Amino acid sequence: MKKVGYNPDKILFVPIFGFEGDNMVERSTNLDWYKGPTLLEALDTIQELKRPSDKPLRLPLQDVYKIGGIRTVPVGRVETGILKPGMVVTVGPTGLTTEVKYVEMHHKALQEALPGDNVGFNVNNVADDPAKEAIDFASQVIIMNHPGQIRNGYAPVLNCHTSHIAVKFAELLTKIDRRSGKQLEKEPKFLKNGDVGLVKMIPSKPMVVETFAEYPPLGHFAIRDMRQTVVVGVIKNVEKKDPTGAKVTKATAKKGAKVAKATAKHCNMSQ
């Protein structure tokens, strides 16, 4: 638990025996030595997290379906922001701008989808902070179960939201004290089991990631190698690519032209 940043003193450890139901809903004489809450009581103490609906939209796509008569239907989970019919959205890392025609969940139409909702939506236009392709990103990592030494050039598969893409450890920037967070060594030659460090990473394919501070669901990752999780980390900084020449759908362009025309007319009337 400590390895991945949890404080055991602040975590409830609740012994249960599911087969007999001991300490799940009611206390059991088989666990007289235990004086803490039952499992149900412990669950009741969990505070609901605030949904980050006030942030710009981020929705990692899980799949895209082609349905006759409805056209393209992307499917995914809203992580931040709100998705509504009629919204203009940008798809990263391609930079394609398009309009959302409708939103549905469990085959029922929604007026808006909030963080945590798994939805499908029909796209046929952009946010204040659109998703962009990452050129590189700096991450704070914890080396957990790697049997050897991790050096510059290490290129494992990184699992972040719905992306599974190989990344290169381009530069080991610093080695960090896991307790104080202070820098122990600049540009270390390697990181080994138990070490914490700041690493510059470069994805091998177009990829969208965000900083953990701004978009937590898109800012943490795990790296698996040799059939086990060897590294976990959070993204501290992202250098993003400007999507020059990104495509805009015809419907979006038409909608944008109408808005521009209406704005110009309003300005002329005001004058």
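## Starting at Lys55

Let's begin with Lys55, which is partly exposed, with a relative accessible area of 27%. Keep in mind that this is a predicted model. Lys55 has a salt-bridge partner in Glu214, and the closest N and O atoms of the two are 3.9 Å apart. Glu214 is partly exposed because its relative accessible area of 42% falls between the 20% and 50% cut-offs.

## More salt bridges

How many salt bridges turn up in a search of the whole structure? There are 11, and a couple of others are worth a visit. Glu210 and Arg58 join their side chains at 2.7 Å, N to O. Are these two buried or exposed? Both Glu210 and Arg58 are buried. They don't stand alone, either: Arg58, Glu210 and Lys240 are linked in a network of salt bridges.

Then there's the pair made by Lys192 and Asp195, whose side chains meet at 3.9 Å, N to O. Lys192 is partly exposed at 37% relative accessibility, whereas Asp195 comes in at 9% and is buried.

## The nonpolar cores

Now for the inside. The largest nonpolar core has 23 residues, and the members that touch the most others are Phe137, Leu158 and Met201. Which elements give two or more residues to this core? They are β7 (134-143), β8 (157-160), β9 (163-176), β11, β12 and β13.

Phe137 is a good place to look around. Setting aside neighbours within four places in sequence, Phe137 is in contact with Leu158 and Met201, and also with Val167, Val199, Lys200, Pro203, Val209, Ile235, Asn237 and Val238. Elsewhere there's a second, separate core, this one of 12 residues, with Leu57, Leu83, Val100 and Val103 among them.

## A buried loop residue

Where does Thr211 sit? You'll find Thr211 in the loop between β11 (196-203) and β12 (220-225). Despite the loop address, Thr211 has a relative accessible area of 16% and so counts as buried, the cut-off being under 20%.

What is Thr211 in contact with, once neighbours within four places in sequence are left aside? The list is Pro216, Gly219, Ile235, Lys236, Asn237 and Val238. Some of these names may ring a bell: Ile235, Asn237 and Val238 are also among the contacts of Phe137.

## Two loop residues with positive phi

A couple of backbone angles deserve a look. His107 isn't a glycine, yet its phi is positive, at about 65°. His107 lies in the loop between β4 (96-105) and β5 (108-110), and with a relative accessible area of 75% it is exposed.

Met226 is another residue other than glycine with a positive phi, in this case near 55°. Its place is the loop between β12 and β13 (228-240). Met226 is partly exposed, at 46% relative accessibility.

## A nonpolar patch on the surface

Finally, head to the outside. Which residues form a nonpolar patch on the surface? Met1, Tyr6 and Phe13 do, and together they have about 380 Å² of accessible area.

Phe13 belongs to the segment before α1 (39-44). It has 55% relative accessibility, so it counts as exposed, since the cut-off for that is over 50%.

How values were computed. Residues are numbered from 1 along each chain as its sequence is written. This is a predicted model: local features need pLDDT of at least 70, side-chain atom pairs count only at pLDDT 80 or more; totals for chains, interfaces and linings use all residues. Side-chain values use heavy atoms; hydrogens and water are left out. Patches are made of residues with over 30% relative accessible area and no salt bridge: like charges are joined within 9 Å, nonpolar side chains (Val, Leu, Ile, Met, Phe, Trp, Tyr) within 5 Å. Accessible areas come from the Shrake-Rupley method with a 1.4 Å probe; for residues, only the protein chains shown count as cover. A salt bridge is a side-chain nitrogen of Lys or Arg within 4 Å of a carboxyl oxygen of Asp or Glu. Helices (H or I, at least four residues) and strands (E, at least two) are DSSP runs, numbered from the N terminus. Buried means under 20% relative accessible area, exposed over 50%, partly exposed in between (1.4 Å probe, protein chains only). Contact means heavy atoms within 4.5 Å. A nonpolar core is a set of buried Ala, Val, Leu, Ile, Met, Phe, Trp, Tyr and Cys residues joined through side-chain atoms within 4.5 Å.
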